[in-house]
Amino acid sequence: MTPADDRLDDSVARVAQIRSVPVLATLPEAVLRSLATHASEVTLPAGAALLRQGDGGDAMFVILEGEVAVCVEGASGTRTQVAVLGVGDTVGEMQAILGGSRTADVNALTLCRLLRLPHAPLRNLDDRDPQYLGLLMAQVATRLRGLLLTSTLKTLLGATDEQVRQVAARSEWRSLRDGDTLFRQGEAADAWYLVTSGRLQVLRATGQGQGEEIVGEVGRGDSLGEAALLTGELRDATVRAVRDTELIRLSGVAFMQLLEAHPALLLQVARTLVRRARRDVTHAHRPPEIIAVVLGQHGLPMHQIARGLADALGVLGKTLHVTTDRLRQWGVCADVAEMGVDHPGWLRFSTWVEERLTDCEFLVLEADGHATEWTRRCVATADEVVEVVYTRREQTAVPNASEARAASSHTQRTLLLVHPASTRIPTETSEWLRRHPASRHFHVREERASDLGRVARLIARKGVGLVLGGGGARGFAHLGVMRACEASGLAIDCLAGTSMGAIMACQYAMGLSMDELMRLNHRMVEIKPFTEYTVPMISLVAGHRAERAFHETFGDACMEDLWLPCVAVSANITTSTIVVHDRGLARRAARASSALPGILPPVVEGAHLLVDGGVVNNLPADVVRQRWGGRVLAVNVSTKEDLAVSSSGLPGPWPLLLSRVVPGRAPLQSPLITEIVMRTMMLGSYAHTERMLREADVAMCPDVERFGLLEFEALEAIADVGYRAGIAALAAAGATVLPEGGKQMAV
């Protein structure tokens with residue numbers, strides 16, 4: 001027999017050996033021969049390491065003799081044995097199918113003989129035999145779920161190996177698609193859940209016929225259902241998946257038996273409930289980890305926006321920009337564009353995504369520009385869907401299939417409106433929002449990276465919000481604070497304001513320069529809106545000049561048109577509620593927010609009356625925190641002590657009037673009715689203002705006491721006080737004062 005015949009016999013024998021392994025028995029003949037050609041045997045003494053968690057790998061192994069232990073090291077450094085494998089079992093196939101690094105340590109328990117099979121022939125099974133790939137991936141999924149169960153229980157509850165085995169034996173897996181409901185408020189509690197991947201919203205009914213309000217979000221590593229099981233009460237909230245989610249389910253009976261058998265776990269469960277309660281109070285909305293970028297129009301470029309957003313997020317944390325080409329290059333999926341809905345390669349993708357989230361803060365998934373299964377997967381996988389629309393006049397807004405898929409999702413939807421670089425201020429935003437409904441929107445200009453930087457910070461809830469309080473003419477100090485922020489290189493990403501603070505916030509959000517803002521406010525002072533007195537039936541001031549001043553300031557710009565996200569706060573005295581203006585004419589929002597009760601006429605909204613927001617919330621830092629998160633800079637211009645008079649008391653009305661109108665007479669010291677009303681109004685929300693200042697990341701209280709509430713002519717001096725206060729506060733917060741145009745700083 002020739003050497004060639006010997007090699008042929010060895011190859012045939014090796015193919016037969018590989019085919020004898022159940023999980024490999026149905027491999028295509030060509031793959032079997034390729035594996036046999038490159039296969040080799042490995043011998044390990046007892047105690048030797050075969051694989052190390054976290055290492056790369058290019059081969060799988062079949063155990064021919066002996067036993068190996070599979071162990072996982074958790075985040076705390078503790079090691080847990082999750083399986084013992086013997087003859088005929090495979091090791092390392094997870095990386096052959098899913099790619100990535102080793103997920104566990106594998107050590108020989110006895111003398112072992114193993115067959116080493118290279119990954120390369122298996123990585124092409126997507127195209128050659130997807131049916132076989134599905135069988136192999138089912139085995140991988142079972143083992144992967146065991147690893148996820150172990151690591152999650154160890155991290156969340158500090159469970160022992162025995163406790164992990166008990167949970168594994170009694171639990172089952174639940175898979176939810178985007179929009180599926182796990183359980184509803186008012187239902188009986190029958191199970192405990194542990195999230196291993198995905199994200200869910202927690203919703204609570206706000207009242208009879210009032211719908212549901214999002215009160216929190218849970219994700220990988222969080223548990224659900226403990227409270228209702230421990231108290232025996234009904235579910236107090238509805239839980240709904242906002243992207244494809246995997247959970248471990250343990251029946252209520254099994255959960256209580258586990259706690260009875262292991263009382264120490266009860267303490268861990270209690271700690272989990274306390275941590276969740278604290279988090280829900282301060283962070284009801286988690287920043288997204290996975291952002292899908294889809295196109296809202298036919299035939300327009302999207303790659304540059306997706307790449308720019310990924311680059312901007314990369315400044316905030318490790319970010320991976322995922323495209324179909326990159327998935328192919330990384331060996332995750334051969335061609336996602338050709339994979340059907342039920343193709344097993346999607347399990348590889350989903351597992352790869354969860355693995356990437358262990359070392360990446362953000363994943364940006366760039367969808368196709370047309371309807372594909374990849375586009376659907378991007379939307380279903382994402383925590384937030386960003387729909388890109390170009391507002392060039394020659395482009396028509398025709399929602400494409402990508403947008404239609406996004407519209408059916410329960411995921412947070414953001415409309416990103418891309419304007420030509422020369423755009424002065426956006427227009428017709430309400431019409432774009434009508435065509436492309438979204439829960440929020442942002443404006444960016446082409447070729448302006450700083451705009452995408454702002455969007456990235458707001459999406460990641462790491463932006464800087466400027467909150468401006470009311471205080472009459474003293475609100476001109478806000479202009480100085482804005483100038484101080486720019487001089488310090490601090491980019492303001494969003495704003496909120498009340499009364500005079502709302503006027504200043506809306507002006508700044510229009511994207512005007514500081515010089516333009518100063519000219520605009522000098523013009524407002526010239527109009528003298530508070531000197532147009534009338535018969536005091538509804539108000540002391542007629543309000544016509546005020547309307548004129550607001551019209552000259554804002555024109556027909558709407559709140560949704562402003563470059564920076566901005567809200568104005570007013571009070572609805574018809575329903576005794578707070579109104580947060582983020583839509584409609586900016587001049588109307590600013591006018592309502594500054595409609596001083598008794599001084600200016602209320603703004604009529606339908607059958608309701610809106611007045612100055614200072615009545616209920618003069619410093620709306622809580623609104624910014626809730627809407628956009630991130631860091632909050634709060635500027636308070638209402639003083640604790642004000643309007644002091646001499647010990648002799650108030651002068652009579654006629655002496656006071658004569659002292660002010662007769663030349664040569666010394667003016668008597670006394671506040672006017674307008675100042676008394678303004679001061680009284682702000683007292684109503686003083687306690688709230690104090691709390692907002694304590695909770696702000698940077699609190700500023702410019703020294704404006706020496707200026708009267710109606711001393712609008714002191715604009716320049718008041719703004720200068722605000723500038724000095726802003727520079728001092730930012731420097732105290734660790735900021736370096738930079739020349740205008742300097743790099744953005746972190747507070």
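In this predicted model, A292 stands opposite L365 of strand 17. The pairing behind this match joins strand 15 (residues 290–295) to strand 17 (residues 362–366). These two strands run parallel, and 4 bridges link them.

**The sheet**

Both strands belong to an open sheet of 6 strands. The order across the sheet is 16-17-15-18-19-20, and the pairing is parallel. Which strands stand at the edges? They are strand 16 (319–322) and strand 20 (440–445). Each has a single partner strand, so one side of each is left without a neighbour in the sheet. Neighbouring strands are turned against each other by 20 degrees on average, direction ignored. Strands of a sheet pair through backbone hydrogen bonds, in either a parallel or an antiparallel way.

Here are three of the pairings in this sheet.

| Strand pair | Sense | Bridges |
|---|---|---|
| Strand 15 and strand 17 | parallel | 4 bridges |
| Strand 15 and strand 18 | parallel | 5 bridges |
| Strand 18 and strand 19 | parallel | 7 bridges |

**Strand 18**

Strand 18 covers residues 384–390. It pairs with strand 15 and with strand 19 (residues 412–419). Single residues show how the strands line up. V294 has E387 of strand 18 as its bridge partner. V385 is matched with R413 in strand 19.

Is strand 18 mostly covered or mostly open? It is mostly covered, with 7 of its 7 residues buried. In a regular strand, side chains alternate between the two faces of the sheet. Strand 18 has E384, V386, V388 and Y390 pointing one way. V385, E387 and V389 point the other way. Residues on both sides are buried, the glutamates E384 and E387 among them.

**A glycine before strand 16**

G317 sits in the loop between helix 10 (303–316) and strand 16. Is G317 buried or exposed? Its relative accessible area is 12%, so it counts as buried, the cut-off being under 20%. Beyond its neighbours within four places in sequence, G317 is in contact with E361 and F362. A460 lies 143 residues away from G317 along the chain, yet their C-alpha atoms are separated by 9.6 Å.

**A helix crossing**

Helix 12 (residues 345–356) and helix 13 (residues 373–381) form a crossing. Their axes come within 12 Å and cross at roughly 35 degrees. The crossing is right-handed. Helix 12 makes the contact with W346, F349 and V353. Helix 13 brings E373, W374, R377 and T381. By class, this contact has 4 nonpolar, 1 polar and 2 charged residues.

Notes:
Residues numbered from 1 in each chain as written. Predicted model: local features only at pLDDT ≥ 70, side-chain atom pairs only at ≥ 80, totals over all residues. Heavy atoms only, no water. Axes fitted to C-alpha atoms, helices over the stretch in contact; angles between N-to-C directions. Left-handed = near helix turned anticlockwise from the far one by under 90°. Contact = heavy atoms within 4.5 Å. Nonpolar A, V, L, I, M, F, W, Y, C, P; charged D, E, K, R; others polar. Pairing = 2+ DSSP bridges. Buried < 20%, exposed > 50% of the residue type's maximum accessible area, 1.4 Å probe, protein only.
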